[in-house]
Amino acid sequence: MEMNQVLTFAMEIGEWMLMSGAGVARVEDTIHRICKAYGARETNVFSITSSIVTTVQDKDGTMITQTKRIRRYQTDFQKLDKLNTLSRYMCKQLPEAEEVRERIRTIKEGETCSSRKQIAVSALIAGAFTIFFGGGAAEGMIAFLTGGLVIFFGNFMKRLMTNTMFINFVSSFFVASAAWLAAKSGFALDYGTVIIGNIMLLVPGVAFVNSLRDMIGGDMMSGILRVCESVLLAVFLAGGSFAALVFWGGVF
Amino acid sequence: METAVLQLISSFTGSFGFAALYNLHGKKLWSAGLAGMISWLVYLIFQSMTENNFLINMFAAMAATIYAELMARILKTPATIYLISGIIPLVPGGDLYYTMNYAIAKDWHLFYLYGQKTVIIATAAAGGIMMASSFYRLCQEMRHYFNKKSIG
């Protein structure tokens with residue numbers, strides 16, 4: 001295979017890994033290994049969470065550079081697993097272009113979590129975390145219902161607009177309103193646990209820990225970017241639920 | 001005791017749920033749920049021994065990492081999958097949310113308390129993961145090294 005073609009495939013694999021939730025270090029390593037296996041003399045990969053830049057020098061000394069810009073993320077463990085297998089296979093067997101293209105296409109078109117399943121699972125998560133944080137059976141049930149609704153609502157909003165911050169603000173406003181009304185009407189004793197159970201669905205806790213992990217591992221740039229992103233997202237979530245409580249007159 | 005059992009069950013459900021949301025299937029999905037339960041079990045065990053929040057979270061994250069590395073080897077999948085599922089009960093998502101909530105409410109004392117807690121827990125979890133995974137790599141490299149030596 002030509003180096004240009006190899007780099008295109010490697011970048012595509014890297015892009016999809018980053019979108020599916022792989023760490024930056026992992027993506028850099030994968031691209032590096034693939035290019036090296038196909039005979040690159042030198043590979044320089046730089047990646048942050050929203051972009052990948054790679055420059056490769058092939059056997060004749062020609063330099064090739066490609067860039068990817070990543071705008072959306074959808075954590076998908078199944079894709080991650082398959083991409084990992086593919087990159088290992090490429091490094092060992094050095095398959096031809098046709099085969100690699102076909103395999104990448106199959107992975108990209110692989111099934112995703114259906115919207116109905118997403119709603120059911122989110123309801124389960126919200127209920128579980130409400131009980132985890134000390135809520136009773138009634139709070140768990142309320143959280144179960146709102147958890148499903150909020151994801152349904154969020155998916156609907158995502159189709160209309162793309163700003164994550166705003167969607168999260170509105171979602172947490174919705175959650176806090178539902179929890180407050182449930183508490184006011186006497187179904188649930190404590191609206192705090194219902195809110196926190198639902199917030200666990202939206203809050204970027206894992207991203208926060210992963211960004212610190214990036215920083216400890218030496219990827220300062222992507223670590224700092226993600227810390228800022230998750231803190232800002234938490235501000236919007238808190239703002240949404242606070243606004244709801246003020247609006248309904250719970251606190252001021 | 002009762003709350004501990006409830007928490008273990010709900011941590012399993014939470015991790016299981018997130019893994020299902022992230023499109024995992026079958027046997028791998030159940031092991032991802034188990035990852036969350038194990039890390040919370042270790043958390044509870046250390047909680048009964050020490051008051052130090054940093055240490056408790058660090059050891060729980062280390063346990064999750066070891067489990068993830070082992071499962072990655074057994075089921076031939078990247079360790080990240082089990083690691084992310086395993087640390088879900090530990091991540092300070094709730095604390096991060098409360099911190100910002102108190103910032104908006106301008107309650108600076110509670111903001112400081114929760115902010116400190118969030119940073120400590122997140123650092124402990126990240127540090128635990130890095131330590132355990134580095135140690136695992138080190139052991140692997142050493143085994144390769146000595147195997148090569150005995151052959152050559």
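**Entry 1: a term to start with.** I count two strands as paired if DSSP finds at least two bridges between them. I also remind myself that this is a predicted model. With that in hand, I looked up A:Gln57 and found that its bridge partner in β3(A) is A:Met63.

**Entry 2: the strands of chain A.** I followed the pairing outwards from there. Strand β2 (residues 51-57) of chain A and strand β3 (residues 63-69) of chain A run antiparallel and are joined by 7 bridges. The two form a hairpin with 5 residues between them, and in the turn A:Gly61 has a positive phi of about 95°. On the other side of the pairing list I found strand β1 (residues 42-48) of chain A, which is antiparallel to β2(A) and joined to it by 7 bridges. Here the hairpin leaves 2 residues between the strands, and A:Ile48 has A:Ser51 as its bridge partner in β2(A).

**Entry 3: the two faces of β2(A).** Which side chains of β2(A) point to the buried face? I listed A:Ile52, A:Thr54 and A:Val56, which point to one face and are buried. A:Ser51, A:Val53, A:Thr55 and A:Gln57 point to the other face and are not buried. This fits a rule I like to keep handy: in a regular strand the side chains alternate between the two faces of the sheet.

**Entry 4: chain A as a whole.** I stepped back and counted 10 helices and 3 strands in chain A. Reading from the N terminus, I met two helices, then the three strands, then helices to the end. The C-alpha trace spans about 75 × 35 × 30 Å along its principal axes. Of the 252 residues in chain A, 48% are buried. I also checked contacts between residues at least 6 apart in sequence, and 64% of them join residues at least 24 apart.

**Entry 5: a helix and what follows.** I tested helix α10 (residues 220-248) of chain A against a ruler. With 29 residues at 1.5 Å a residue it should span 42 Å, and its end C-alpha atoms are 42 Å apart, so the two agree. Right after α10(A) comes A:Gly249, with a positive phi near 85°.

**Entry 6: two domains.** I noted that chain A is divided into domain 1 (3-108) and domain 2 (115-248). Their centres, taken over C-alpha atoms, are 33 Å apart. Where they meet, 5 residues of domain 1 of chain A are in contact with 8 residues of domain 2 of chain A. The domain 1 side of that contact has 3 nonpolar, 2 polar and no charged residues.

**Entry 7: where the chains meet.** Next I looked at the contact between chains, which takes 39 residues from chain B and 39 residues from chain A. Which helix gives the largest share of the chain B side? It is α1(B), with 11 residues. I sorted the chain B side by class and got 24 nonpolar, 15 polar and no charged residues.

**Entry 8: the core.** Last, I turned to the largest nonpolar core, which has 124 residues; A:Ala179, B:Ala61, B:Ala64, B:Ile87 and B:Ala125 touch the most other members. Helix α3 (residues 53-75) of chain B gives the largest share, 11 residues. Why does this core lie between the two domains of chain A? Domain 1 and domain 2 of chain A both give residues to the core, so it lies between them. I finished at B:Ala61: beyond its neighbours within four places in sequence, B:Ala61 is in contact with B:Ile87, B:Leu90, B:Ala124, B:Ala125, B:Gly128 and B:Ile129.

Note on methods
Residues are numbered from 1 along each chain as its sequence is written. Chains are lettered from A and ligands numbered from 1 in the order in which they are written. This is a predicted model: local features need pLDDT of at least 70, side-chain atom pairs count only at pLDDT 80 or more; totals for chains, interfaces and linings use all residues. Domain bounds come from an automatic or database domain assignment. Two residues are in contact if their C-beta atoms, placed from the backbone, lie within 7 Å. Ala, Val, Leu, Ile, Met, Phe, Trp, Tyr, Cys and Pro count as nonpolar, Asp, Glu, Lys and Arg as charged, and the others, Gly among them, as polar. Helices (H or I, at least four residues) and strands (E, at least two) are DSSP runs, numbered from the N terminus. A nonpolar core is a set of buried Ala, Val, Leu, Ile, Met, Phe, Trp, Tyr and Cys residues joined through C-beta atoms within 7 Å. A residue is buried if 20 or more other C-beta atoms lie within 10 Å of its own, exposed if 12 or fewer, and partly exposed in between; C-beta atoms are placed from the backbone. The expected span of a helix is 1.5 Å times one less than its number of residues.
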